[in-house]
Amino acid sequence: MTREEQETIIRFDRAEDEATIYTADPSIMRRLKGLSSYKLEREDRQAGKVVAMTFRAGKELILLRSKPLRIKLTDEERARRAERIRQNANSEQSLP
């Protein structure tokens, strides 16, 4: 499949307690297969190769964020944080 075809669709409604997750993205397939809370329901194959999977999971596992997970730091802030980590590591080494 092309990268454009490797979609992921998450579907749930208010009446059900579970969500259905369809994915044709290999990285998402691997990740969900490794999580015991996501139950594999179906594998779609082409020429014997798995090209998509459908999972079910509790809706409480679906998280919608209002802000990005990653913090964008300036080079200056990154250097300050690295120095703080070094100082903390040095102070922990000097403890008896």
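**Salt bridges and the sheet around β4**

Glu16 is partly exposed, with a relative accessible area of 28% in this predicted model. What does Glu16 form a salt bridge with? The partner is Arg56, and the closest N and O atoms of the pair are 3.4 Å apart. This contact ties together distant parts of the chain: Glu16 sits in the loop between β1 and β2, Arg56 belongs to strand β4, and 40 residues separate them. Is Arg56 buried or exposed? Its relative accessible area is 19%, and because the cut-off for buried is under 20%, Arg56 counts as buried.

Glu16 and Arg56 do not stand alone, since a network of salt bridges links them with Arg11, Asp13, Glu18 and Glu41. The structure as a whole holds 12 salt bridges.

Now to the strand that carries Arg56. Strand β4 covers residues 49–58, and 8 of its 10 residues are buried, so the rest of the structure largely encloses it. The sheet around it is open, has 4 strands in the order β1-β2-β4-β3, and pairs in the antiparallel sense. Which strands lie at the edges? They are β1 (8–11) and β3, each of which pairs on one side only. Neighbouring strands in this sheet are turned by 15° against each other on average, with direction ignored. Helix α1 (residues 26–33) packs on the sheet, where it touches β1, β2 and β4, and its direction makes about 45° with that of β4.

As a reminder, strands of a sheet pair through backbone hydrogen bonds, either parallel or antiparallel. On one side of β4 comes strand β2 (residues 18–23), joined to β4 by 6 bridges in the antiparallel sense. Along this pairing, Tyr22 stands opposite Thr54 of β4, while Ile21 has Phe55 of β4 as its bridge partner.

The other neighbour of β4 is strand β3 (residues 39–46), with 7 bridges between the two, again antiparallel. Here Arg45 has Val50 in β4 as its bridge partner. What do β3 and β4 form together, and how many residues lie between them? The two strands make a hairpin with 2 residues between them, and Ala47 in the turn has a positive phi of about 55°.

Strand β3 brings in another charged pair. Asp44 forms a salt bridge with Arg42, and the closest N and O atoms are 2.7 Å apart. The two residues fall into opposite classes of accessibility: Asp44 is buried at 17% relative accessibility, whereas Arg42 is exposed at 51%. The value for Arg42 lands in the exposed class because that class takes anything over 50%.

A further salt bridge turns up in a helix. Arg81 pairs with Glu77, the closest N and O atoms lying 3.0 Å apart. How are Arg81 and Glu77 spaced along helix α2 (residues 75–93)? They are 4 residues apart in that helix, so about one helical turn separates them. Arg81 is partly exposed, with a relative accessible area of 35%, but Glu77 is buried at 17%.

Conventions
Residues numbered from 1 in each chain as written. Predicted model: local features only at pLDDT ≥ 70, side-chain atom pairs only at ≥ 80, totals over all residues. Heavy atoms only, no water. Buried < 20%, exposed > 50% of the residue type's maximum accessible area, 1.4 Å probe, protein only. Pairing = 2+ DSSP bridges. Axes fitted to C-alpha atoms, helices over the stretch in contact; angles between N-to-C directions. Contact = heavy atoms within 4.5 Å. Salt bridge = Lys/Arg side-chain N within 4 Å of Asp/Glu carboxyl O.
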